[in-house]
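This briefing covers salt bridges, one helix and the cysteines of a single structure. Please consult the sequence and the coordinates alongside the text.

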Amino acid sequence: MTQAQPTMRVQAELAARVCAIGARTQRDTAGSIALEIDAIRRLARANGLYPAAVVAQALESALGRGERGPLIDGWLALLRDAVGCERHDTAACETFAAACSVRLTA
């Protein structure tokens with residue numbers, strides 16, 4: 001098994017979780033979504049998927065500020081992109097953090 005295979009497996013699991021959350025955003029409470037996003041953030045960080053961890057943390061903050069509905073859908077799209085990102089370095093994290101900042105002001 002190559003080094004990339006475990007990462008790809010984790011990325012696939014995280015992507016499935018993000019899609020599942022997206023399918024339920026209209027029915028779930030902000031608290032339950034936040035718990036799932038926290039689990040995604042922890043799993044991403046533990047596996048070196050730092051851009052996904054950065055976006056998940058920003059999404060948790062957005063939920064805490066009261067963002068709901070279609071606003072969360074936009075955050076989930078950004079999280080899907082971060083989960084699928086092939087780069088996990090500081091520059092990739094900064095790029096996703098900048099995208100989160102743009103979402104905050106939009």
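Which side chain meets that of E60 in a salt bridge? In this predicted model, the partner of E60 is R41, with an N to O distance of 3.0 Å. The points below place that pair among the other salt bridges and then turn to helix 4 and the cysteines.

**Salt bridges**

- A search of the whole structure finds eight salt bridges, among them the pair E60 and R41.
- E60 belongs to helix 3 (residues 50-64) and R41 to helix 2, so that this salt bridge links distant parts of the chain, 19 residues apart.
- R41 is buried, its relative accessible area being 19%.
- Through shared partners, salt bridges join D38, R41, R42 and E60 into one network.
- Within that network, R42 pairs with D38, and their closest N and O atoms are 3.0 Å apart.
- R42 and D38 are four residues apart in helix 2, which means that about one helical turn separates them.
- The two partners differ in exposure class: R42 is partly exposed at 47% relative accessibility, whereas D38 is buried at 18%.
- A further salt bridge joins E36 to R24, with 2.4 Å between the closest N and O atoms.
- Because E36 lies in helix 2 (residues 30-46) and R24 in helix 1 (residues 4-24), this pair ties together parts that are 12 residues apart in sequence.
- E36 is partly exposed, with a relative accessible area of 27%, and R24 is also partly exposed, at 21%.

**Helix 4**

- Helix 4 comprises 15 residues (70-84) and reaches 21 Å from its first C-alpha to its last, close to the 21 Å expected at 1.5 Å a residue.
- Its buried residues are I72, W75, L76, L78, L79, A82 and V83.
- Viewed down the axis of helix 4, these buried residues fall within an arc of 160 degrees and therefore line one face of the helix.
- The exposed residues P70 and D81 are carried on the face of helix 4 turned away from its buried side.

**Cysteines**

- Zero disulfides are found in a search of the whole structure.
- C19 is in no disulfide, and the nearest cysteine sulfur, that of C85, is 17 Å away.
- The cysteine sulfur closest to that of C85 is in C93, at 8.3 Å, which is too far for a bond.
- C19 is partly exposed at 44% relative accessibility, whereas C85 is buried at 15%.

Technical notes. Residues numbered from 1 in each chain as written. Predicted model: local features only at pLDDT ≥ 70, side-chain atom pairs only at ≥ 80, totals over all residues. Heavy atoms only, no water. Disulfide = S-S within 2.5 Å. Buried < 20%, exposed > 50% of the residue type's maximum accessible area, 1.4 Å probe, protein only. Helix = DSSP H or I, 4+ residues; strand = E, 2+ residues; numbered from the N terminus. Expected span 1.5 Å × (residues − 1). Arc of directions from axis to C-beta. Salt bridge = Lys/Arg side-chain N within 4 Å of Asp/Glu carboxyl O.
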